[in-house]
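Dear colleague,

Please find the structure below, handed over for your study. My notes on what was found in it follow directly after.

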There are 2 protein chains.
Amino acid sequence: MNTIFKALNDPTRREILQLLKDRDLTAGEIADQFNISKPSISHHLDLLRQADLVQSVKEGQFIYYSLNTTVMDEILTWLMQFRKKKKK
Amino acid sequence: MNTIFKALNDPTRREILQLLKDRDLTAGEIADQFNISKPSISHHLDLLRQADLVQSVKEGQFIYYSLNTTVMDEILTWLMQFRKKKKK
DNA sequence: AAAGTATTTTTATATTTGTCTAAATATATA
DNA sequence: TATATATTTAGACAAATATAAAAATACTTT
């Protein structure tokens, strides 16, 4: 849960997730969407992968990144606990 | 959304939310649950308040903190967007 | 009014994080 | 095999963050 929130605690990384919502993208395609160096994006992708929020698949010289929505469910469950009633 | 995720990106702050799930607590009662100085806890509470995840009410010399679950809904909505289908 | 309790603010420090450049790895093409 | 392309790794630096100690503020009680 720690690594998940750490990964989500960055505007660039959240924007990457938004991009991947539409379709899978290569690391280069993702980097092209930002005014940030490729190594930086690579690092962001690494953190997202550590949190299991994205998955990467190598295809030839490209590495395709895709969204892993199952982890989102984990956060959802965590959030839901707070909906329970409290003692008065 | 930035301040929310920033606030959630800390184990101590998430644990504070868990404590407040059961019942409202004063800053001192919260601090007693951790091996961290009161100023530190005060700072954590400040970040949680900035994110509107908690609310504080002064009662005499005490300040009671309580959970504000409406912000959780905002995160929930943000998470839900990723459930949409992607282009093939 | 003085002393005590609850909490925050200020200041300082150590650690973590985001970013860059340069170098390394891996694959493709000529 | 040499060169180009895609991506990551390594190393360095500045900015942000968590924490603590000390001081300040606010309320309560004596």
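In chain A, strand E2 (residues 54–59) and E3(A) pair in the antiparallel sense over six bridges. Two strands are said to pair if DSSP finds at least two bridges between them; strands (E, at least two residues) and helices (H or I, at least four residues) are DSSP runs, numbered from the N terminus. Within this pair, Gln55(A) stands opposite Ser66(A) in E3(A). E2(A) and E3(A) form a hairpin with two residues between the strands, and Gly60(A) takes a positive phi near 60° there.

The model is a predicted one, in which local features need pLDDT of at least 70, side-chain atom pairs count only at pLDDT 80 or more, and totals for chains, interfaces and linings use all residues. Residues are numbered from 1 along each chain as its sequence is written, chains are lettered from A and ligands numbered from 1 in the order in which they are written, and side-chain values use heavy atoms, with hydrogens and water left out.

The sheets

The sheet of chain A is open and has three strands in the order E1-E3-E2, with antiparallel pairing. Its edge strands are E1 (25–26) and E2 of chain A, each of which pairs on one side only. E1(A) and E3(A) run antiparallel and are joined by two bridges; Leu25(A) has Tyr65(A) in E3(A) as its bridge partner. H4(A) lies across E2 and E3 of chain A and runs at about 120° to E2(A). Such angles run from 0 to 180 degrees between N-to-C directions, and the axes are lines fitted to C-alpha atoms, for helices over the stretch in contact.

In chain B, three strands likewise form an open sheet in the order E1-E3-E2, and the pairing is antiparallel. Strand E1 (25–26) and strand E2 (54–59) of chain B stand at the edges with a single partner strand each, so one side of each is left without a neighbour in the sheet. Two bridges join the antiparallel strands E1(B) and E3(B), and Thr26(B) stands opposite Tyr64(B) in E3(B). Helix H2 (residues 11–22) of chain B packs on this sheet, touching E1, E2 and E3 of chain B, and its direction makes about 90° with that of E3(B). Contact here means heavy atoms within 4.5 Å. H4(B) lies across E2 and E3 of chain B, at about 115° to E2(B).

The two chains

Two copies of a chain are related by a rotation about an axis and a shift along it. Here, a turn of 180° and a shift of 0.0 Å along the axis lay chain B on chain A with an RMSD of 0.0 Å. That is the relation of a two-fold axis. The copies are superposed by least squares on the C-alpha atoms of residues with pLDDT of at least 70 in both. Of the interface residues of chain B, 100% are also interface residues in chain A, so the copies meet through the same surface.

DNA strand D

A residue is near a strand if one of its heavy atoms lies within 4 Å of it. Of the 23 residues around DNA strand D, Gly28(A), Tyr65(A), Arg13(B), Ser37(B) and His44(B) come nearest. H4(B) supplies the largest share of the surface near this strand, five residues. Among the atoms of DNA strand D within 4 Å of the protein, 76% belong to sugar or phosphate and the rest to bases.

Polar contacts are pairs of N or O atoms within 3.5 Å; within protein, one must be able to donate a hydrogen and the other to accept it, and residues adjacent in sequence count only if both atoms are side-chain atoms. A polar side-chain atom of His44(B) lies 2.3 Å from a phosphate oxygen of DNA strand D, and one of Lys6(B) lies 3.3 Å from a phosphate oxygen of that strand. Ile63(A) has a polar backbone atom 3.3 Å from a phosphate oxygen of DNA strand D.

DNA strand C

DNA strand C is surrounded by 22 residues, the closest being Ser37(A), His44(A), Gly28(B), Ser42(B) and Tyr65(B). H4(A) gives the most to the surface near DNA strand C, with five residues. An N or O atom in the side chain of Arg13(A) is 2.9 Å from a phosphate oxygen of this strand, whereas Gln61(B) places a polar side-chain atom 3.3 Å from a base oxygen of DNA strand C.

With kind regards
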